[in-house]
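Reader: Could you take me through the pockets of this protein up close? I'd like to hear what lines them, and then how the parts around them are put together.

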Amino acid sequence: MSNPWYKNAVFYEVYVKGFHDHNNDGKGDFKGLTSKLDYIANLGIDCIWLLPMYPSPGKDDGYDIMNYYEIHKDYGTLDDFKHFLDESHKRGIRVIADLVLNHISDQHPWFIEAVNNVYSKYHNYFVWSHNPEKYKEARIIFVDTEISNWTWSDKAKKYYWHRFFYHQPDLNYENPDVQEEMIKVLDYWLGLGLDGFRVDAVPYLFEQEGTSCENLPQTHEYLKKIRKFVDNKYPDCLLLAEANQWPEDLLPYFGDGDEFHMAFNFPLMPRMFMALRQEHHGPIIDIIQRIPAIPENCQWAIFLRNHDELTLEMVTDEERDYMYKQYAKDEQMKINVGIRRRLAPLLENSRNQIELLNTILLCLPGAPVIYYGDELGMGDNIYLGDRNGVRTPMHWNVDRNAGFSKCNPSKLYAPVITDPEYDYHTINVENQENNIHSLLNWTKHMLKQRRKFSVFGSGTLRFIYPENKRILAFFRENDNERLLCVFNLSHLHQPVELYISEYKGFKPVEIIGEESFPYIGELPYLLTLSPHSFFIFELVQ
């Protein structure tokens, strides 16, 4: 790729069903999303990430795909999608979409044919066994709902393999036809102008007896094959991996710079929340020091929240218990091995804490991903099923249905948020655009400031270790820029002494207000930070 655009990009995760409803059927669609592209552009977004947009029975909110080559009828037509792509590109916004490689819906024609005719070529598109004890070392991912990774098919008279829900049979990547079939899917959408894919559930593509059936060498071999295809035919397109693994197992998904361009930094995410509650910089520093260096042409995708639960798979049992105690005091907030909450409710709607965690995110190495609505501080609804509580309609204004749709409220795919603290009459785009002190305008300003400094996307990170452990401090540096980032993780005022005399004679200029601070000298640099506050300094010679 001649221009690794993703390294300094800011991504915005969009749920098409939940963003804006153009035809007033109660569900968002591509025409509605297209009508709101100016909002996304003005926010300061470089790339939109679309949740699944393909035909689906909706048992897993689109991750159960029935047809890889069409648009879900609720979202509009293929022409609507192409128009959305064109309008996005006109505004300088790239678009990536979810691609589910690992599994399909049990209502996909391939699987229907496979169970009805064991002699069909499609039967070998799936993983079968007469013995449900096979691959017994593989963990069950959805522990709340599934008791086995095998489900019996009365028609086929054998068990089929699934790492997720029983209605999502895994594809058999030992079959070369399956491998080629999925490359055709990539070719189709990239050929239409899509700028890449966020590839779902990549660790589970292959199975092998005596293993956990995760992160196998065969999986990496096939993923490199996909990357080679993309590099040869679509060299400016992005592959982003969803691999919820420990740092040591995450690194191979970059390969030698020849597998994924990007991967989500799952181990880091929960530890930012942990550091905030512990009021100690240890969880963040420890996990980042544990994460190995990645190839020069690769980048992390870093995030606070997304469409799934706040996953706690990549923490210890003790850390998980602590996170549940701090962030999921109601049992209804828990799901699988995680917490189903949006950012603002997780942080008890504390503006200072929301700004603090967002700023840490924007300053750490990687490309930040913002989940739609979190730029407003939207609430959630933990009483909706599965993870739907964080996938409710976007709040645009005080009109009926929060301006999301003009339909009868009972037709909405999910109710808008009406809890007093997060009510759409208060938390909406129109209100916040007209308030210069709103969270939305703060977010716009922060993204604008971040864009001025290439060091955030490509610079080095170097921690400072003050005696006051409630302070997180580090340098971000490259050949042209030097930034000093200081964060108070405590709910109280905190003093800190920073030993930074290596920058003697430099003047710290706070980048948000552009205020100059005293020059750095030989003695420790003294700062006092108010509760949950921060300084981002450019060090000017």
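Author: Here is a walk through the pockets first, followed by the overall build, a few strand pairings and two backbone oddities. Keep in mind that this is a predicted model.

Let's start with the largest pocket, which has a volume of about 540 Å³. Its lining is made up of 24 residues, and the ones that lie nearest the centre are Ala 293, Ile 294, Trp 300, Pro 365 and Gly 459. As for secondary structure, the elements that give two or more residues to this lining are strand S10 (299–303), helix H16 (455–458) and strand S15 (460–464). Sort the lining by character and you get 14 nonpolar residues, 7 polar and 3 charged.

Now for the second largest pocket, at about 300 Å³. Here 22 residues form the lining, with Tyr 15, Lys 17, Gly 58, Asp 61 and Gly 62 nearest the centre. The split in this lining is 9 nonpolar, 5 polar and 8 charged.

Asp 61 deserves a second look. This residue sits in the loop between strand S2 (47–50) and helix H4 (78–90). Its phi is positive, about 50°, even though Asp 61 is not a glycine. Is Asp 61 buried or exposed? It is buried: its relative accessible area is 12%, and the cut-off for buried is under 20%.

Asn 349 is another non-glycine residue with a positive phi, in this case about 60°. You'll find Asn 349 in the loop between helix H12 (343–346) and helix H13 (351–363). With a relative accessibility of 27%, Asn 349 counts as partly exposed.

Stepping back, what do these pockets sit in? The protein has 16 helices and 22 strands. Its C-alpha trace spans about 80 × 55 × 45 Å along the principal axes. For 541 residues, a compact globule would have a radius of gyration near 24 Å, and the protein agrees with that at 24 Å. Of those 541 residues, 62% count as buried. Looking at contacts with a separation of 6 or more, 69% come from residues 24 or more positions apart.

On to the strands. Three of them form an open sheet in the order S4-S6-S5, with antiparallel pairing. Strand S4 (128–129) and strand S5 (150–153) are at the edges with a single partner strand each, so one side of each has no neighbour in the sheet. Between S4 and strand S6 (residues 158–161) there are 2 bridges, again antiparallel, and Ser 129 is found opposite Tyr 159 in S6.

Strand S19 (residues 507–510) is worth a look too. S19 pairs with strand S22 (residues 534–540) in the antiparallel sense over 4 bridges, and Glu 510 has Phe 537 in S22 as its bridge partner. S19 also pairs with strand S20 (residues 515–516), antiparallel as well, over 2 bridges. In that pairing, Val 509 stands opposite Ser 516 in S20. The hairpin of S19 and S20 has 4 residues between the strands, and Glu 514 takes a positive phi near 60° there.

If you go back to the model with one residue in mind, try Asp 61: it is among those nearest the centre of the second largest pocket, and its phi is positive at about 50°.

Conventions: Residues are numbered from 1 along each chain as its sequence is written. This is a predicted model: local features need pLDDT of at least 70, side-chain atom pairs count only at pLDDT 80 or more; totals for chains, interfaces and linings use all residues. Side-chain values use heavy atoms; hydrogens and water are left out. On a 1 Å grid over the protein atoms alone, a cavity is a set of points where a 1.4 Å probe fits but cannot get out, and a pocket is an open set with protein on both sides within 12 Å along at least five of seven lines; lining residues have an atom within 4 Å of a point. Grid points are joined across faces, edges and corners, and a volume is the space filled by probe spheres set on the points. Ala, Val, Leu, Ile, Met, Phe, Trp, Tyr, Cys and Pro count as nonpolar, Asp, Glu, Lys and Arg as charged, and the others, Gly among them, as polar. Two strands pair if DSSP finds at least two bridges between them. The radius of gyration is taken over C-alpha atoms; the globule rule is 2.2 Å times the number of residues to the power 0.38. Buried means under 20% relative accessible area, exposed over 50%, partly exposed in between (1.4 Å probe, protein chains only). Contact means heavy atoms within 4.5 Å.
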